[in-house]
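Trainee: I should like to understand how the terms used for a binding site are justified. May we go through them one at a time?

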Amino acid sequence: MTVVQLRTADDTREFGRRLAHVLRAGDLVILDGALGAGKTVLAQGIGAGLGVAGDVTSPTFVIARVHRPDPARGRGVPLVHVDAYRLKSLAEVDDLDLDAGLEEAVTVVEWGEGKVERLADAHLTVRLSRHDDDTRTAVVSGVGDDWAGRLRDVDALAAAGGE
Ligand SMILES: Nc1ncnc2c1ncn2[C@@H]1O[C@H](COP(=O)(O)OP(=O)(O)OP(=O)(O)O)[C@@H](O)[C@H]1O
Ligand SMILES: [Mg+2]
């Protein structure tokens, strides 16, 4: 478990960008946190770090959006960005029938906790909490896979503003 302090929205975006460097096709990332905690801002950073096409915005009304890699700057890995707020179960997530498979994309799910873990053997959870001074704390924890090693390898967390 790693804790990162994020003072501004730009810090959160930058943290996402750095996190993207250790993400690869097949990864499932669950973003948890209350309304306005910064989940979409973090997803924007992940999209920027992966180099995908199109603005990453709140997918609330479409539930899920696939961002294709931008050949000019991307690493060739699409981003699937899901807002599971209205979804009740894994079955409903499966029913979305996304046109980029879990194996080929990095899948980032807002409000996914308790709903999508079983889509993959391993997942990374980022829990964002908002403080009175509008700063955020991110608590990062991985299940399965060598998340600790992967995060350490690139020093992703410390470089993004960790203490
Ligand atoms: N340190 C910070 N990190 C992230 N966002 C911040 C921070 N400080 C201020 N903000 C602002 O808080 C808002 C976060 O909105 P965002 O849409 O990312 O939240 P969300 O968790 O996705 O909400 P929702 O539950 O509605 O999907 C943005 O307007 C952003 O500019
Ligand atoms: Mg959001």
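Mentor: We may begin with helix α2, which gives the most to the shell around ligand 1, with three residues. Please bear in mind that this is a predicted model.

Trainee: What makes an element one that gives two or more residues to the shell around ligand 1, and which are they?

Mentor: A residue is near ligand 1 if one of its heavy atoms lies within 4 Å of it. The elements with two or more such residues are α1 (9-20) and α2 (39-50). Of the 17 residues around ligand 1, Thr12, Gly36, Gly38, Lys39 and Thr40 come nearest.

Trainee: Why is the pairing of the Thr12 side chain with a nitrogen atom of ligand 1 called a polar contact?

Mentor: The nitrogen atom of ligand 1 is 2.6 Å from an N or O atom in the side chain of Thr12. The cut-off is 3.5 Å between N or O atoms, so the pair qualifies. A backbone N or O atom of Ala37, 3.2 Å from an oxygen atom of ligand 1, qualifies too.

Trainee: How do you know that Thr40 and Glu110 are donors of the magnesium ion, ligand 2?

Mentor: Thr40 (OG1) and Glu110 (OE) lie 2.1 to 2.2 Å from the magnesium ion. Donors are N, O and S atoms within 2.8 Å of the metal, and therefore both are counted. The pair links distant parts of the chain, with Thr40 in helix α2 and Glu110 in strand β5 (residues 106-110), 70 residues apart.

Trainee: Are Thr40 and Glu110 buried or exposed?

Mentor: Thr40 and Glu110 are both buried, which means that each has under 20% relative accessible area.

Terms used: Residues numbered from 1 in each chain as written. Chains lettered and ligands numbered in written order. Predicted model: local features only at pLDDT ≥ 70, side-chain atom pairs only at ≥ 80, totals over all residues. Heavy atoms only, no water. Polar contact = N/O pair within 3.5 Å; in protein donor to acceptor, adjacent residues only side chain to side chain. Helix = DSSP H or I, 4+ residues; strand = E, 2+ residues; numbered from the N terminus. Donors = N, O, S within 2.8 Å, 3.2 Å for Na, K, Ca; no water. Buried < 20%, exposed > 50% of the residue type's maximum accessible area, 1.4 Å probe, protein only.
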